[in-house]
Amino acid sequence: LIICEKNGYIYFSNPYDSGRLYCMDKASGEVTKLANGNASFINAAGNYVYFYSDAASDQAGLGYVRRGRGIYRLDVSSKRHDNIMIAETTCDGMVLADNNILYTSFGATEKNDGNALVTLNTVSIAGGDPTVLFEGHPNIGCVKGGNLLFSEMQKEGTLKMIDPVSGDGSDVSSERIGLPIADGSKIYYLDSNDDYHIKVYDTSDDSIS
């Protein structure tokens, strides 16, 4: 996820500036650079933008990334665009769920290792110690009703759901489902068994179209 919208602003990773974090005022079209570190998995809530950066910057000022790889919270209400590191980690998926950030975590040298131990972690938006919710390299999808929808990449790849507060998990579908996006009772996904066509799974009657 390299773009999101909140309160009339579009926050995005600018490919013409090494993926650095920018925002655009939808009303005026004005574009502002927010951070010198690159940004991905961008989420926004309240006065803050949450994002993952895998590059450090030695430059001072303008919301720069001080500590390297990790998840950051940037204050868009401040003219300085100050940010803090929420979690120091390497990840390939992240999503905001109420007052928590859910993200994958693994060693930097293991990014392309299909057998690496990858965990699903949760951490408060205020920071603090993370909690491991799941082991098995989840393909993070979206949050539905406070629960995270995901598929397990290293096993059967079927759709699962987990409560980020209690850690309780359950199976949702036996279909191989990638990148699930929920809208009401419908879940849109990529079918890895059918050449990654986009399909719709309806949880109300278990139908697929």
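What percentage of the 209 residues of the protein chain count as buried? The figure is 48%, and keep in mind that we're looking at a predicted model. It's a strand-only affair as far as these elements go: the protein chain has 19 strands and zero helices. Here's a quick tour.

**Whole chain**
- The accessible surface adds up to about 10,700 Å², and carbon and sulfur atoms account for 46% of that.
- If you take contacts between residues at least 6 apart in sequence, 30% of them join residues at least 24 apart.

**Cores**
- The largest nonpolar core holds 14 residues, and Tyr11, Leu21, Leu34, Ile42, Val49, Phe51 and Leu74 have the most contacts inside it.
- Two or more residues of this core come from each of strands E3 (20-25), E4 (31-38), E5 (40-45), E6 (48-53) and E7 (70-75).
- Val49 is a handy residue to click on: leaving out residues up to four places away in sequence, Val49 touches Tyr11, Leu21, Ile42, Asn43, Ala44, Tyr72, Arg73, Leu74 and Val76.
- There's also a second, separate core of 13 residues, with Phe41, Ala87, Met94 and Ile101 among them.
- As a rule of thumb, nonpolar side chains in soluble globular proteins tend to be buried together.

**Strand E2 and its neighbors**
- Five of the six residues of E2 are buried, so the strand is largely enclosed by the rest of the structure.
- E2 runs antiparallel to E1 (residues 3-6), with four bridges joining them; Cys4, for instance, has Tyr11 in E2 as its bridge partner.
- The hairpin of E1 and E2 has two residues between the strands, and Asn7 in the turn shows a positive phi of about 55°.
- On to E3, which is also antiparallel to E2 and joined to it by six bridges; Ile10 pairs with Met24 of E3 there.
- Five residues sit between the strands in the E2 and E3 hairpin, where Ser18 takes a positive phi near 55°.

**Phe12 up close**
- Phe12 lies in E2 (residues 9-14) and counts as buried because its relative accessibility is 18%, under the 20% cut-off.
- Phe12 and Tyr22 are ten residues apart along the chain, yet their C-alpha atoms are separated by 5.4 Å.
- Beyond four places in sequence, Phe12 touches Ile2, Ile3, Arg20, Leu21, Tyr22, Cys23, Met24, Val31 and Ile42.

**On the surface**
- Ile181, Tyr188 and Ile198 form a nonpolar patch, with about 310 Å² of accessible area together.
- Tyr188 belongs to strand E17 (residues 186-191) and is partly exposed, at a relative accessible area of 33%.

How values were computed:
Residues numbered from 1 in each chain as written. Predicted model: local features only at pLDDT ≥ 70, side-chain atom pairs only at ≥ 80, totals over all residues. Heavy atoms only, no water. Core = buried A, V, L, I, M, F, W, Y, C linked by side-chain atoms within 4.5 Å. Buried < 20%, exposed > 50% of the residue type's maximum accessible area, 1.4 Å probe, protein only. Contact = heavy atoms within 4.5 Å. Patch = residues over 30% accessible without salt bridge, like charges linked within 9 Å, V, L, I, M, F, W, Y side chains within 5 Å. Areas by Shrake-Rupley, 256 points an atom, 1.4 Å probe, with all protein chains shown as cover. Salt bridge = Lys/Arg side-chain N within 4 Å of Asp/Glu carboxyl O. Pairing = 2+ DSSP bridges.
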